[in-house]
Amino acid sequence: MIDKIIPFDVKRIFYIYDVASERGKHGHKRNRSALFCVKGTCRVKVNNAGDITTFDLDSPEKILVLEPEEYRTMFDFSQDAVLMVLASEHFDPDDYIDEPPL
């Protein structure tokens, strides 16, 4: 079912777990991402050109698709949280945007 939801070809998959505070704090120039908690919960703050929205990922059925340039911060991880990230691009440090939009 997930292959019908993700609007891009997946080139990279990774998990984020055992998080004590925040993760992310970046955007991308080209990469699109799909995030969902396979276990536990977390919250994601998305800054889209200054428009800030917070999403609760509290079910594996909730998938958040992030477009390039959407600056994201993942936070408020439950102790057992495992966040899966599907990415449209292979890892490239030059693809990162480190400053949030105004």
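Begin by selecting Ser33 and Leu66: Leu66, in strand 6, is the bridge partner of Ser33. Strands, like helices, are DSSP runs numbered from the N terminus (strands: E, at least two residues; helices: H or I, at least four). The model is predicted, so local features need pLDDT of at least 70 and side-chain atom pairs count only at pLDDT 80 or more, whereas totals for chains, interfaces and linings use all residues. Residues are numbered from 1 along each chain as its sequence is written, and side-chain values use heavy atoms, with hydrogens and water left out.

**Stop 1: Ser33 and strand 3**

Keep Ser33 selected; this residue belongs to strand 3. Ser33 is buried, at a relative accessible area of 3%. Here buried means under 20% relative accessible area, exposed means over 50%, and partly exposed lies in between (1.4 Å probe, protein chains only). Show the side chain of Asn31 as well: the side chain of Ser33 makes a polar contact with it, at 2.9 Å. A polar contact is a pair of N or O atoms within 3.5 Å; within protein, one must be able to donate a hydrogen and the other to accept it, and residues adjacent in sequence count only if both atoms are side-chain atoms. Not counting residues up to four places away in sequence, Ser33 touches Phe8, Leu64, Val65, Leu66, Arg72, Val85 and Leu86, where contact means heavy atoms within 4.5 Å.

Extend the selection to residues 33-39, the whole of strand 3. Five of these seven residues are buried, so the strand is largely enclosed by the rest of the structure. Two strands pair if DSSP finds at least two bridges between them. Strand 3 runs antiparallel to strand 6 (residues 64-66), to which three bridges join it. With strand 8 (residues 82-87), strand 3 pairs in the antiparallel sense over six bridges. To see one of these connections, select Cys37 together with Leu83, its bridge partner in strand 8.

**Stop 2: the five-stranded sheet**

Next, display strands 5, 4, 7, 2 and 9. In the order 5-4-7-2-9, these five strands form an open sheet with antiparallel pairing. Strand 5 (51-57) and strand 9 (96-97) stand at the edges, each with a single partner strand, so one side of each is left without a neighbour in the sheet. Strands 2 and 7 pair over three bridges; select His26 and Arg72 to view a bridge pair, Arg72 being the partner in strand 7.

Within strand 4 (residues 42-48), select Val44. Val44 is buried, its relative accessible area being 0%. Leaving aside neighbours within four places in sequence, the contacts of Val44 include Leu35, Thr53, Phe55, Leu64, Arg72 and Met74. A distance label may be added between the C-alpha atoms of Val44 and Ala87, which are 43 residues apart along the chain and separated by 16 Å.

**Stop 3: His28 and the largest pocket**

Return to strand 2 and select His28. His28 counts as buried, at 6% relative accessibility. Its side chain makes a polar contact with the side chain of His26 at 3.3 Å. Beyond four places in sequence, His28 is in contact with Pro68, Glu69, Arg72, Asp95, Tyr96 and Ile97.

His28 also leads to the largest pocket: Arg12, Phe14, His26, His28 and Tyr96 lie nearest its centre, among 20 lining residues. On a 1 Å grid over the protein atoms alone, a pocket is an open set of points with protein on both sides within 12 Å along at least five of seven lines, while a cavity is a set where a 1.4 Å probe fits but cannot get out; lining residues have an atom within 4 Å of a point. The volume of the largest pocket is about 260 Å³; grid points are joined across faces, edges and corners, and a volume is the space filled by probe spheres set on the points.

Colour the lining by strand: strand 1 (12-17), strand 2 (23-28), strand 3, strand 7 (71-75) and strand 8 each supply at least two residues, and strand 2 gives the most, with four. By residue class, the lining divides into eight nonpolar, six polar and six charged residues.

**Stop 4: two loop residues with positive phi**

Finally, select Glu69, in the loop between strand 6 and strand 7. Glu69 counts as exposed, at 54% relative accessibility, and has a positive phi of about 75° although it is not a glycine. Most residues other than glycine have a negative phi. Then move to Asp76, in the loop between strand 7 and strand 8. Asp76 is partly exposed, at 48% relative accessibility, and its phi is also positive, near 55°.

Note on methods. Ala, Val, Leu, Ile, Met, Phe, Trp, Tyr, Cys and Pro count as nonpolar, Asp, Glu, Lys and Arg as charged, and the others, Gly among them, as polar.
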